[in-house]
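Here is a short tour of a protein model, taken one spot at a time. Keep the picture open as you read and try to find each place yourself.

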Amino acid sequence: MKSKYDKIQQIISNMKQPDYRYLQITNAIFRVRTGEFKSMSILPVKLRNALIDELGNSICCISPALQKKSDQVGKVLFSIPGGERIETVRLSYKRGWESFCISSQCGCGFGCRFCATGTIGLKRNLTVDEITDQLLYFHLNGHTLSSVSFMGMGEPLANPDLFDALKVLTDNNLFALSRRRITISTIGALPGIYRLTQDFPKINLTFSLHSPFNEQRSKLMPVNDLFPLQEVMKALDNHIRRTGRKVYIAYIMLQGINDSAAHAEAVAGLLRGRGEWEHLYQVDLIPFNPTGKTPPGYRQTDRTKINRFKNILRSKGINVTIRMQFGSEIGAGCGQLYGCQGD
Ligand code: SAH
Ligand code: SF4
């Protein structure tokens with residue numbers, strides 16, 4: 001039994017209550033946005049008390065410890081059982097669209113050199129409830145969950161509970177999120193990519209590339225020795241062939257490190273000649289966010305140079321965009337999340 005929703009079903013069946021009680025509860029949580037079992041007056045008192053005894057009164061098990069806000073961005077630091085902290089970022093766009101960047105692990109064991117989360121090491125995987133409660137918290141507070149990306153703390157495909165969390169997020173009785181509105185970002189964890197292709201073909205997949213050169217990629221991202229670039233590309237080709245969906249290639253622009261014309265040519269070289277589906281690769285160039293935790297020599301490439309890089313890719317027929325950045329002023333940008341340390 002992985003999630004609290006499984007446990008609710010179990011309690012209902014142990015008490016020999018009718019099955020429709022489950023739908024009454026999920027309706028209360030997801031339609032009426034009721035955050036406490038105590039307020040579910042539609043349920044018999046006996047059942048309500050049993051739910052409270054087993055699961056606690058509050059439906060959401062993580063609590064906000066600190067919130068930061070700027071115009072379009074909110075960052076919430078949540079306390080999770082065991083005394084650790086994780087961070088979730090909310091981005092608001094025009095016309096009520098709200099996008100959430102959630103964490104899958106507390107810390108991360110992959111140690112990418114440019115990422116603040118990577119300097120912490122892996123504290124632990126988040127449970128299904130801890131992953132989905134980051135969104136439940138916002139839902140219960142009246143927010144619209146328009147889209148969700150696993151680009152907060154941690155490597156989602158290194159957490160075996162991720163797939164159960166995806167089931168909860170896409171379950172029609174629960175969050176009912178469209179698969180097309182969910183994005184998984186990965187450094188290339190091969191078994192996880194193959195499983196995603198199989199089990200969740202419609203979920204968006206982003207691969208963090210950051211260098212087309214093996215040796216350099218291994219320096220920036222030690223995981224490259226475990227899951228070599230060429231193998232990951234084959235897994236991504238397979239994903240595209242099997243799903244007919246785009247695959248996004250994330251590329252952080254680090255001044256003087258991976259932003260040369262030779263890098264752009266090599267990125268194009270990597271993505272061309274992959275067969276009839278190759279136009280489904282799209283490169284997202286991401287300005288590096290300084291973190292204070294990563295080496296001081298890592299700086300953001302300037303706009304002109306980012307544009308030059310983009311133009312080289314475009315001239316080679318590669319789809320490319322520059323990803324808009326929000327939130328770096330409150331430490332909520334990609335790679336800046338450091339919540340486990342509680343600062
Ligand atoms: N572990 C996954 C998902 C979390 S990181 C992954 O690495 O893909 C989400 C994105 O933020 C990744 O593309 C990652 O490369 C990027 N990122 C990490 N540190 C960054 C930084 N300092 N500035 C900008 N992007 C960063
Ligand atoms: Fe982990 Fe992703 Fe950060 Fe690398 S970039 S250390 S995989 S969270």
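## Two loops with an odd backbone angle

Let's start with Ala176, which sits in the loop between α5 (162–170) and β8 (182–186). Keep in mind that this is a predicted model. Ala176 isn't a glycine, and yet its phi is positive, at about 50°. Is Ala176 buried, partly exposed or exposed? With a relative accessible area of 39%, Ala176 comes out as partly exposed, because the label covers values between 20% and 50%.

Now go back towards the start of the chain and look for Lys16. You'll find Lys16 in the loop that links α1 (4–14) and α2 (20–30). Here too is a residue other than glycine with a positive phi, this one near 55°. Lys16 has a relative accessible area of 73%, and since anything over 50% counts as exposed, Lys16 gets that label.

## Helix α4: covered and kinked

Next up is helix α4, which runs over residues 128–140. How far apart should the ends of α4 be? Its 13 residues, at 1.5 Å a residue, should span 18 Å, and the C-alpha atoms at the two ends are indeed 18 Å apart, so the expected and modelled lengths agree.

That doesn't make α4 perfectly straight, though: there's a kink of about 35° centred on Gln134. The helix is also mostly covered, with 13 of its 13 residues buried. Just past α4 you meet Gly142, whose phi is positive at about 90°.

## The nonpolar core

Which residues touch the most other members of the largest nonpolar core? They are Tyr5, Phe114, Leu166, Phe175, Leu236 and Val283, out of a core of 96 residues. Helix α4 turns up again here, giving this core its largest share, seven residues. The core also takes in parts of two domains, with at least three residues from each of domain 1 (4–55) and domain 2 (63–341).

## Around ligand 2

Zoom in on ligand 2 and see who surrounds it. The ring of neighbours is Cys108, Phe110, Gly111, Cys112, Phe114, Cys115, Gly118, Gly154 and Ile187. You've met one of these already: Phe114 is on the list of core residues that touch the most other members.

What kinds of residues make up the shell around ligand 2? Six are nonpolar, three are polar and no charged residue takes part.

## Along the chain versus across space

Counting along the sequence is one thing and going straight through space is another, so here are some pairs to try. Lys7 lies in helix α1 and, at 31% relative accessibility, is partly exposed. Lys7 and Leu55 are 48 residues apart along the chain, while their C-alpha atoms are separated by 8.4 Å. Ile182 is in strand β8 and is buried, with a relative accessible area of 0%. From Ile182 to Asp133 you count 49 residues along the chain, and the C-alpha atoms are 16 Å apart.

Two more pairs involve the later part of the chain. Phe309 belongs to helix α10 (residues 303–315) and is buried, as its relative accessible area is 2%. Its C-alpha atom is 9.7 Å from that of Val320, which is 11 residues away along the chain. Asn319 is in strand β12 (residues 319–322) and counts as partly exposed at 33% relative accessible area. How far is Asn319 from His139, C-alpha to C-alpha? The two are 34 Å apart in space and 180 residues apart in sequence.

Methods:
Residues numbered from 1 in each chain as written. Chains lettered and ligands numbered in written order. Predicted model: local features only at pLDDT ≥ 70, side-chain atom pairs only at ≥ 80, totals over all residues. Heavy atoms only, no water. Helix = DSSP H or I, 4+ residues; strand = E, 2+ residues; numbered from the N terminus. Expected span 1.5 Å × (residues − 1). Bend = angle between axes of the 7 residues up to and from the residue. Buried < 20%, exposed > 50% of the residue type's maximum accessible area, 1.4 Å probe, protein only. Near = heavy atom within 4 Å. Nonpolar A, V, L, I, M, F, W, Y, C, P; charged D, E, K, R; others polar. Core = buried A, V, L, I, M, F, W, Y, C linked by side-chain atoms within 4.5 Å. Domains from an automatic or database assignment.
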